[in-house]
Amino acid sequence: MPSLPPLLCALLLLALLFGLTLLWLELRHRLRPASPLRLSSGPWTTRWNNKGAVTLEGSFRIANPHGRMEVMVPELQLRPTVLGRQDLSRLQVSATVVADHPDEPSRPDGYWAAYIVKGHKSTQFRATVHVNLPGTGAHGPSPEERHTQLQELLDTLWLEVIWINYGPFGRLERREGFLVPVRHPAPLDPATAVWREGDRCRVLPVPTHLLGVLDDPAEVLSRYAGPVLRPGDILTIGETPLAVIQGRYQHPSMVQPSCLARLLCRVFHPTSSLATACGLQTLIDAVGPARVLCAWLAGSLMKLVGSKGGFYRLAGDQARLIDDITGTTPPYDQTIVLGPDQPERSCQELAQALGVPVAVVDVNDLGRVKVLASSAGCDEDLLMRALRPNPAGNANERTPLVLVRPA
């Protein structure tokens, strides 16, 4: 039997080693320590006492979807941050947590006792945040005046839940943020709405409150854009606002960069969201290390023959959509935000609820417009012309919705 040429043998050996490397990377990635527990928040209530104080109350649920694994939660604490458009240094903010376990009585002292969340079980806890604007002496503002001042100061509550998961995977600290709006802007009045003239169209940026996981996309679009909608309009929502509503953000402390992420992130441009170990690891967690490595190798070869952008095409949409810290508006500027999940489905559902075409878009100040997804009847050429000046802005305009009306 004739032997294989040495060059072919070397190529086969290299291919085998590369395949084994990819297999090792995928197995190590899939077997990395992870907790099955999921944290979610229910509705919140806001109570003003007319004396310069407000109380916000909400409930949280910790669920364990795993069938056999039991996970302990030995520590849990709240870290509230109030946001506004003025100096908030006078405000006094405090937070308390009360466990509401199905099989144990609540402690009146607020101490979080270690609790075991068994497989296919869940537990709850209640969070209360007090915000107070204290008086400034006998000649200071009255309680009624402090109440008015507090309403003008407060805008949003950003509540971080810092909790420990303890189980077969080891000890993991998790830090998850929830945005609770305190004040909502009034919906636009069709008679006074200020439209901008565009290229054979009119454009209307639509202001909203800061959006988060407690919001329902259809309710947000209907509340703020509904009063000015009419047949023929196209309503767009930014990809990042939709992503944060879907809860697709995480604090960098919850990302564990691999050796691949630490090495490979150095080859990206410093302004890229993939130029940090945590940013690139977020992409690896989304699509897998084998795909990222192969996309980088193939993209590098394509660049040698003059074809740029190969990595982003091969690594998938999330490679372009991930925003590292500082890439979004506060308080999400301290988190890593992924692109939205199933934007096509979201567009179809929102269009059905509103009765007009809906598109998810990614627009920047450089005139770049990308329509990630759109519903039936959406004129993408019209959107390209209308959105090129970036009417929604990239700062703190809080206009994640843009209404486009053909001229």
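At 55% relative accessibility, R200 counts as exposed in this predicted model, because a residue is taken as exposed when its relative accessible area is over 50%. R200 lies in the loop between β10 (196-198) and β11 (201-206), and its phi is near 60°, a positive value in a residue other than glycine. For most residues other than glycine phi is negative, and most peptide bonds are trans.

A positive phi, of about 55°, is also found at N390, which is not a glycine. N390 belongs to the loop between α11 (380-387) and β17 (401-406) and is buried, with a relative accessible area of 7%. As regards peptide geometry, P330 and P331 are joined by a cis peptide bond with an omega of about 5°, and P331 is located in the loop between α9 (318-321) and β14 (336-337).

N390 also appears among the neighbours of V363, a residue of strand β15 (residues 358-363). When residues up to four places away in sequence are set aside, V363 touches R368, V369, L387, N390 and N394. V363 has a relative accessibility of 16% and therefore counts as buried, the limit for that class being under 20%. The C-alpha atom of V363 is separated by 8.6 Å from that of G393, although these two residues are 30 residues apart along the chain.

For the protein chain as a whole, 11 helices and 17 strands are assigned, and the C-alpha trace spans about 100 × 65 × 40 Å along its principal axes. Of the 407 residues in the chain, 45% are buried. The accessible surface comes to about 21,400 Å², and carbon and sulfur atoms account for 54% of this area. Among contacts between residues at least 6 apart in sequence, 68% join residues that are at least 24 apart.

One open sheet is built from 4 strands in the order β1-β2-β7-β5, with antiparallel pairing. Its edges are formed by β1 (38-48) and β5 (92-100), each of which pairs on one side only, and the twist from one strand to the next averages 20°. In general, the strands of a sheet pair through backbone hydrogen bonds, in either a parallel or an antiparallel arrangement. The antiparallel pairing of β1 with strand β2 (residues 53-64) extends over 9 bridges, and S41 stands opposite F60 in β2. Helix α2 (residues 143-153) lies across β1, β2 and β7 (121-132), and the direction of this helix makes an angle of about 145° with β1.

A further feature of the surface is a nonpolar patch formed by L7, L8, L11, L12, L13, L14, L16, L17, L20, L23, L27 and L31, which together have about 1,200 Å² of accessible area. One of these residues, L20, is found in helix α1 (residues 6-30). With a relative accessibility of 47%, L20 counts as partly exposed, because this class lies between the limits of under 20% for buried and over 50% for exposed residues.

Note on methods
Residues numbered from 1 in each chain as written. Predicted model: local features only at pLDDT ≥ 70, side-chain atom pairs only at ≥ 80, totals over all residues. Heavy atoms only, no water. Pairing = 2+ DSSP bridges. Helix = DSSP H or I, 4+ residues; strand = E, 2+ residues; numbered from the N terminus. Axes fitted to C-alpha atoms, helices over the stretch in contact; angles between N-to-C directions. Contact = heavy atoms within 4.5 Å. Patch = residues over 30% accessible without salt bridge, like charges linked within 9 Å, V, L, I, M, F, W, Y side chains within 5 Å. Areas by Shrake-Rupley, 256 points an atom, 1.4 Å probe, with all protein chains shown as cover. Salt bridge = Lys/Arg side-chain N within 4 Å of Asp/Glu carboxyl O. Buried < 20%, exposed > 50% of the residue type's maximum accessible area, 1.4 Å probe, protein only.
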